[in-house]
Amino acid sequence: MSKTEQLAQGLEKLKINGMYKNDFYWTWDKTDDELAAVFAVADALRDLRERNISTRIFDSGLGISIFRDNSTRTRFSFASACNLLGLEVSDLDEKKSQIAHGETVRETANMVSFMADVIGIRDDMFIEEGHKYQKTFMDALDEGYEKGILEQRPTLVNLQCDVDHPTQSMADLLHVIHQFGGVENLKGKKVAMTWAYSPSYGKPLSVPQGIIGLFTRFGMDVTLAHPEGYEVMPESEDVARKNAAASGGAFRKVNSMEEAFRGADIVYPKSWAPFKAMEKRTRLYREGDKAGIDRLEQELLAQNAQHKDWSCTEEMMKLTREGRALYMHCLPADITGLSCQEGEVDNSVFDRYIQPLYKEASFKPYIIAAMIFLSKVKDPVGALRALERAGGRRKAF
Amino acid sequence: MSKTEQLAQGLEKLKINGMYKNDFYWTWDKTDDELAAVFAVADALRDLRERNISTRIFDSGLGISIFRDNSTRTRFSFASACNLLGLEVSDLDEKKSQIAHGETVRETANMVSFMADVIGIRDDMFIEEGHKYQKTFMDALDEGYEKGILEQRPTLVNLQCDVDHPTQSMADLLHVIHQFGGVENLKGKKVAMTWAYSPSYGKPLSVPQGIIGLFTRFGMDVTLAHPEGYEVMPESEDVARKNAAASGGAFRKVNSMEEAFRGADIVYPKSWAPFKAMEKRTRLYREGDKAGIDRLEQELLAQNAQHKDWSCTEEMMKLTREGRALYMHCLPADITGLSCQEGEVDNSVFDRYIQPLYKEASFKPYIIAAMIFLSKVKDPVGALRALERAGGRRKAF
Amino acid sequence: MSKTEQLAQGLEKLKINGMYKNDFYWTWDKTDDELAAVFAVADALRDLRERNISTRIFDSGLGISIFRDNSTRTRFSFASACNLLGLEVSDLDEKKSQIAHGETVRETANMVSFMADVIGIRDDMFIEEGHKYQKTFMDALDEGYEKGILEQRPTLVNLQCDVDHPTQSMADLLHVIHQFGGVENLKGKKVAMTWAYSPSYGKPLSVPQGIIGLFTRFGMDVTLAHPEGYEVMPESEDVARKNAAASGGAFRKVNSMEEAFRGADIVYPKSWAPFKAMEKRTRLYREGDKAGIDRLEQELLAQNAQHKDWSCTEEMMKLTREGRALYMHCLPADITGLSCQEGEVDNSVFDRYIQPLYKEASFKPYIIAAMIFLSKVKDPVGALRALERAGGRRKAF
């Protein structure tokens with residue numbers, strides 16, 4: 001039996017009717033079955049592609065991407081996922097558009113969606129803004145569809161907002177599943193999601209929030225570690241706490257990197273900005289207080305600099321289980337002695353984990369493709385089987 | 001009988017041999033039959049897509065877009081149209097090219113066209129320049145094709161020039177046809193194409209020129225209204241006058257928004273810049289007279305500000321037929337109290353017409369696709385029937 | 001027998017097993033058979049396309065382009081080639097990416113390649129850097145593939161580096177083959193690859209280096225002419241010398257444009273920067289010596305200005321064989337009296353050769369497509385025959 005057929009049989013047992021024609025904002029909106037379905041379809045699409053079997057379910061159609069922040073891997077992951085399914089990416093570059101003229105989100109949303117099947121949005125820069133933008137955008141499409149303006153209602157893939165980064169956390173988790181030989185082996189595994197020092201400022205919180213919100217669902221023992229003052233969004237901690245309780249895992253917070261690393265099976269050391277400071281920054285931007293923004297930046301850089309010892313050094317790695325925890329990062333990392341003088345991780349540690357790190361990133365295109373597949377295909381099990389049976393070649397010769 | 005078959009039967013009766021391998025510059029270059037063919041094919045392509053039937057007539061091929069001015073909806077309409085037919089869009093971004101090195105239009109045109117099937121150009125910023133650029137570009141392709149440099153001669157879709165904006169006016173008219181239940185119901189309908197106040201400056205004239213040049217062909221009673229000094233290109237008024245005479249409609253000019261609105265079935269209030277001022281601006285740019293350009297901008301903004309009463313208010317709307325004229329706009333509009341303090345239209349008016357306004361915009365991708373289809377397909381009737389019969393699915397599952 | 005079948009029969013006799021899954025850096029890495037294969041496949045793909053037969057060998061897949069310098073014709077050639085074979089281009093725009101964060105080439109290379117079939121890179125600005133970047137990039141992909149990060153290893157098409165510009169020189173040579181009625185007619189033909197004056201500064205050396213490295217392989221009598229001080233990379237002269245010896249051709253250097261032109265069958269007058277000066281420039285950039293860079297620019301412009309007599313004038317053309325040598329250029333040229341006051345070529349000469357010049361450029365998309373085809377298709381002869389037999393239509397109607 002092929003891997004795809006195995007996965008299809010697993011998929012058949014899941015209750016996932018709610019995914020069809022639905023959006024993907026946050027992992028905690030989704031049921032366990034729905035997350036399992038994303039993993040299954042991602043693995044199946046990968047299996048088919050690796051066997052040179054076409055997974056093109058669209059003959060034509062557009063995937064619209066909106067990047068309100070720079071991106072390499074998510075941009076290419078989205079492009080790859082769309083292409084794999086037969087959609088062409090059309091990027092809404094706000095610099096080349098008339099949006100500056102004061103166009104409403106409602107209008108933009110409808111104007112780009114007449115032939116769009118999927119919308120991918122990254123908007124992670126401002127606390128309280130990113131998710132709101134995505135929601136406003138998709139509500140406008142609901143309205144457009146209901147009023148007969150749009151013949152179909154494109155579905156959303158959240159490519160990172162201020163709250164969650166689901167394509168990242170799901171790719172991360174699928175990587176963990178493969179590394180640990182199956183989702184059933186995750187129970188009790190110790191995860192250290194910890195802050196780490198970076199010479200740069202204002203990194204989004206959606207990765208740590210996404211990780212604690214997702215990893216706690218699989219019975220893992222998740223520790224969130226950061227210096228005092230680097231709290232994440234309180235709501236995301238609540239999600240983590242609730243998930244841990246429901247899954248038989250654990251969630252706790254500490255203010256010591258050492259404590260989090262001790263005995264950890266997985267470490268995810270990564271810089272982020274304090275939630276409160278990001279709230280303040282959003283306020284300053286709203287008020288147009290340029291001097292205040294500059295002052296805040298200086299304060300935050302100074303605050304960061306007090307915590308240079310929060311770094312994933314060789315010594316720190318020795319504290320982990322058998323000194324061999326799985327090191328994870330969403331990339332790019334600030335690597336001490338390579339991309340900066342002092343950063344999140346020692347070059348020797350980073351370099352030793354290059355293979356699993358890049359492998360981790362390799363799941364993202366398939367996770368995105370699976371999210372699209374499950375929102376656009378009514379009978380995903382049947383579709384996977386039909387694709388395998390048809391056996392169209394991706395590369396003909 | 002399917003809608004597509006009905007439309008194909010209508011199409012069969014039209015004389016449209018001249019469209020094959022031909023360009024689309026201005027609507028007034030085209031016969032009535034040719035315009036009717038664009039509408040029929042646009043509706044048929046929409047019908048097929050809505051029934052999930054593939055209209056992909058190209059297995060590969062490029063649509064080249066050149067935007068010499070910002071664009072959202074036309075950019076996405078062109079991308080959607082190309083994708084619908086199987087062409088991939090390749091955008092000529094003059095900032096990323098070597099054009100700055102002094103390359104001639106003749107050279108650029110040939111260099112990007114070796115595998116191009118269609119060229120879409122927006123060049124609307126400068127009076128006397130936009131159309132000239134398109135013409136020079138396409139003449140170069142004629143030469144390239146005749147000399148055996150190009151194996152095929154791509155066809156042009158004018159995505160807006162200084163004279164006409166045919167993809168806009170055709171989408172607008174198809175919207176009107178649908179709103180009024182058929183082209184046969186347009187005779188005698190009163191249309192108010194009127195200037196409206198905007199706090200911004202230098203908006204193109206191609207929309208009003210395109211509307212009066214096209215709507216007068218269908219027996220409608222078209223009024224062009226603007227404050228003194230806001231004249232459009234005289235040639236486009238001549239076109240409107242001639243068309244009105246031929247179609248049994250009417251064309252007149254007034255200097256009062258009220259007069260135009262009174263009893264109107266359709267109102268199209270929109271800002272534009274005075275033709276004479278735009279001629280002057282082009283001259284100043286040619287001479288590189290930066291101070292003169294700045295002075296002209298100040299003069300024009302001051303001139304605009306004298307006509308803030310030219311706004312599509314609720315009071316103004318009450319003057320129209322039963323107070324319920326169809327409100328139209330090419331978007332984005334300057335909306336009083338939403339995108340600006342005082343603008344072209346009251347927010348309450350605009351908001352009430354959101355559905356028809358967005359619907360109006362939804363025709364543009366299909367209009368562009370129809371223009372491409374008719375210039376690339378020798379037997380459009382046969383092709384539509386073959387596509388419907390083949391019934392290839394756009395989305396497979 | 002079709003042209004494609006003829007070409008397939010020729011291809012069958014060539015030893016080209018080494019091309020499958022291989023990169024294309026420099027023409028001198030390739031055997032004579034391998035170059036002949038590129039020409040044969042390029043001509044066959046063109047023949048099929050001209051007969052409206054689909055050459056789409058990919059159902060989905062990405063071609064990644066990286067332009068570290070501006071480009072029009074190479075950009076569109078790459079886009080055309082990818083599209084012809086069924087690949088979608090995804091451009092890595094370093095301004096929109098997180099590369100500025102200090103990401104390593106190794107990381108970027110892997111991150112964009114998860115679903116990439118081909119990578120096209122232009123990096124021609126800095127001596128000692130361009131090729132190194134390409135090599136580092138592709139080595140990273142080797143590593144990624146070996147470590148199981150990438151399921152397939154994309155292949156490289158060098159779209160211009162500091163050493164060679166193979167898609168240009170190969171397109172140029174295929175043009176020459178067609179102009180002279182076959183590769184067998186090239187023996188003994190006199191080629192003048194000469195420097196020419198340009199008012200701009202710092203043009204890459206890869207074109208002259210590529211031309212002398214390639215044209216000497218076909219028994220031609222190649223002269224490299226430039227003013228003293230405008231030497232090219234010594235290694236590329238060694239290549240030319242060796243090739244000429246092996247092919248029964250000749251290679252010599254002179255410091256007189258007249259001497260090179262006298263009796264020439266082909267002239268290629270083109271500006272470039274002195275190799276030594278470019279080495280110095282790279283050093284200055286590495287040291288961040290802005291003042292030094294500015295000074296060097298002034299020196300080079302002054303040096304250029306001493307050689308304004310190195311121009312392809314009508315008088316100069318009269319020196320060539322029967323005054324009718326084939327004039328070549330990679331375009332865009334600096335044309336005296338058209339794009340600049342004094343430049344590489346008289347407008348009247350350039351204009352007389354417009355047709356062959358544009359024809360020359362028209363080979364580039366096919367050359368690139370052939371390079372991709374030969375690196376991705378295991379049995380190119382079988383594949384060409386299968387494509388012709390299948391007879392899928394590129395444009396359906």
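Where in chain A is the place of A:Gln209? I looked this up in what is a predicted model, and found A:Gln209 in helix α7 of chain A, a helix that covers residues 206-215.

**Entry 1, the surroundings of A:Gln209.** I next asked whether A:Gln209 is buried or exposed. Its relative accessible area comes out at 0%, and because the cut-off for buried is under 20%, I entered A:Gln209 as buried. I then looked for a polar partner of the side chain, and noted that a polar atom of the A:Gln209 side chain lies 2.9 Å from the backbone oxygen of A:Val163. With the neighbours within four places in sequence left aside, the contacts I listed for A:Gln209 are A:Trp28, A:Asp162, A:Val163, A:Val232, A:Met233 and A:Ser236. A:Val163 thus appears in my notes both in the contact list and as the owner of that backbone oxygen.

**Entry 2, a sheet in chain A.** I traced an open sheet of five strands in chain A, with parallel pairing and the order β7-β6-β5-β8-β9. At its edges I found β7 (250-254) and β9 (326-327), each of which has a single partner strand, so that one side of each is left without a neighbour in the sheet. Going on to one pair within the sheet, I saw that β5 (residues 190-195) and β8 (residues 266-270) of chain A run in the parallel sense and are joined over five bridges. One residue I followed across was A:Trp195, whose bridge partner in β8(A) is A:Lys270. I also checked what lies across β6 (221-225) and β7 of chain A, and found helix α8 (residues 234-247), which runs at about 140° to β7(A).

**Entry 3, chain C against chain B.** How is chain C superposed on chain B? I obtained a rotation of 120° with 0.0 Å of shift along its axis, at an RMSD of 0.0 Å, and the two copies are therefore related as by a three-fold rotation axis. The residue of chain C that comes closest to this axis is C:Glu88, whose C-alpha is at 4.6 Å. The copies use different surfaces, since 7% of the contact residues of chain C recur in chain B.

For the extent of the interface, I counted 41 residues from chain C and 40 residues from chain B in the contact. Between them the two chains, C and B, bury about 3700 Å², of which 52% is on carbon and sulfur atoms. On the chain C side, the residues that lose the most area to chain B are C:Phe76, C:Tyr358 and C:Phe397, which together make up 21% of what that side buries.

Notes
Residues numbered from 1 in each chain as written. Chains lettered and ligands numbered in written order. Predicted model: local features only at pLDDT ≥ 70, side-chain atom pairs only at ≥ 80, totals over all residues. Heavy atoms only, no water. Least-squares fit on C-alpha atoms with pLDDT ≥ 70 in both. Contact = heavy atoms within 4.5 Å. Helix = DSSP H or I, 4+ residues; strand = E, 2+ residues; numbered from the N terminus. Buried < 20%, exposed > 50% of the residue type's maximum accessible area, 1.4 Å probe, protein only. Polar contact = N/O pair within 3.5 Å; in protein donor to acceptor, adjacent residues only side chain to side chain. Pairing = 2+ DSSP bridges. Axes fitted to C-alpha atoms, helices over the stretch in contact; angles between N-to-C directions. Buried area = accessible area lost by both parts, 1.4 Å probe.
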